[in-house]
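Hi,

Here is the structure I promised to pass on. Have a look at it first, and then read my notes below.

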Amino acid sequence: AAPAQAAPAQGTPLQDTPAQGTPLRPLRPRPVINRDNAGFWDGVARHQLLLQRCTACARPRFPWLPGCADCGSPDWEPFEAAGSGTVFSYVVMHHPPFPAFDPPYPVVLVELAEGVRMISGITGVAPEGIRIGMPVELEFLRVDAELELPVFRALTAEGAA
């Protein structure tokens with residue numbers, strides 16, 4: 001038997017316009033935007049995947065950080081990622097259920113062409129079709145009226161969803 005569906009916690013925002021006959025469901029969690037990562041989210045709003053590059057040692061980095069982990073320099077510049085990469089690792093979440101997601105849902109660790117890795121969702125492939133080394137490309141997914149996220153689309157027909 002399937003686990004019972006938990007009711008949304010008090011104060012959990014719900015999607016405001018469900019299809020007729022479907023129950024209201026909680027919105028996806030919102031990213032925490034702060035002074036260190038606001039530029040990344042500004043890029044997402046413009047459909048750009050922005051990484052950081054240390055201006056002292058030229059090392060790319062993600063996630064956005066206030067200083068370089070390699071040389072310690074606080075100086076950096078944003079640059080746009082090409083948007084291509086490969087699946088470095090992945091997991092398919094089945095349990096515990098999370099109210100804003102429909103299990104099973106895959107979570108991938110993508111190694112971008114620039115050499116950094118990013119945790120993301122994946123589209124265009126069924127969970128059982130995901131493979132380490134699978135090529136992917138960036139796309140932006142609108143998940144509700146207020147939230148759009150960078151995700152990756154599989155570039156293979158194997159296991160297409």
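**Strand S1 and its surroundings**

S1 is mostly covered, with four of its five residues buried. Before I go on, please keep in mind that this is a predicted model.

One residue to pick out in strand S1 is Leu51. How buried is Leu51? Its relative accessible area is 0%, and buried means under 20%, so Leu51 counts as buried. Leaving aside residues up to four places away in sequence, Leu51 touches Arg61, Phe62, Trp64, Glu77, Pro78, Phe79, Ala81, Leu112, Glu114 and Val116. Leu51 and Trp64 are 13 residues apart along the chain, and their C-alpha atoms are separated by 7.0 Å.

**The sheet around S1**

Which strands does S1 pair with? S1 sits in an open sheet of three strands with the order S2-S1-S3 and antiparallel pairing. The edge strands are S2 (60-61) and S3 (76-80), each of which pairs on one side only. As a reminder, strands of a sheet pair through backbone hydrogen bonds, either parallel or antiparallel.

On one side, two bridges join S1 to S2. Gln52 has Arg61 in S2 as its bridge partner, and Arg53 has Pro60 in S2. The hairpin of S1 and S2 has five residues between the strands, and Ala58 there takes a positive phi near 70°. On the other side, S1 and S3 pair in the antiparallel sense over five bridges. In one of the pairs, Cys54 has Trp76 in S3 as its bridge partner.

**The helix**

Next comes H1, which covers residues 38-45. Which of its residues are buried? They are Phe40, Trp41, Gly43 and Val44. Looking down the axis of H1, you will see these buried residues fall within an arc of 150°, so they line one face of the helix. They pack against four strands: S1 (50-54), S6 (117-120), S8 (135-142) and S9 (148-154). So you meet S1 again here, among the strands that the buried residues of H1 pack against. After H1 comes His47, and its phi is positive, near 60°.

**The largest pocket**

The largest pocket has a volume of about 850 Å³. Of the 30 residues that line it, the closest to its centre are Arg28, Phe101, Ser120, Gly121 and Leu149. Several elements give two or more residues to the lining: H1, S5 (105-112), S6, S7 (122-123), S8 and S9. Which of them gives the largest share? That is S6, with four residues. By type, the lining of the largest pocket divides into 20 nonpolar, four polar and six charged residues.

If you compare the helix with the pocket, you will find some of the names again: S6, S8 and S9 pack against the buried residues of H1, and H1, S6, S8 and S9 are among the elements that give two or more residues to the lining.

**The whole protein**

To put these parts in context, the protein has one helix and nine strands. From the N terminus on, the elements run α-β-β-β-β-β-β-β-β-β. Of its 161 residues, 31% count as buried. Among contacts between residues at least 6 apart in sequence, 50% join residues at least 24 apart.

Happy browsing!

How values were computed: Residues numbered from 1 in each chain as written. Predicted model: local features only at pLDDT ≥ 70, side-chain atom pairs only at ≥ 80, totals over all residues. Heavy atoms only, no water. Buried < 20%, exposed > 50% of the residue type's maximum accessible area, 1.4 Å probe, protein only. Arc of directions from axis to C-beta. Contact = heavy atoms within 4.5 Å. 1 Å grid on protein atoms, 1.4 Å probe; cavity = no way out; pocket = protein on both sides within 12 Å on 5 of 7 lines; lining within 4 Å. Points joined across faces, edges and corners; volume = space filled by probe spheres on them. Nonpolar A, V, L, I, M, F, W, Y, C, P; charged D, E, K, R; others polar. Pairing = 2+ DSSP bridges.
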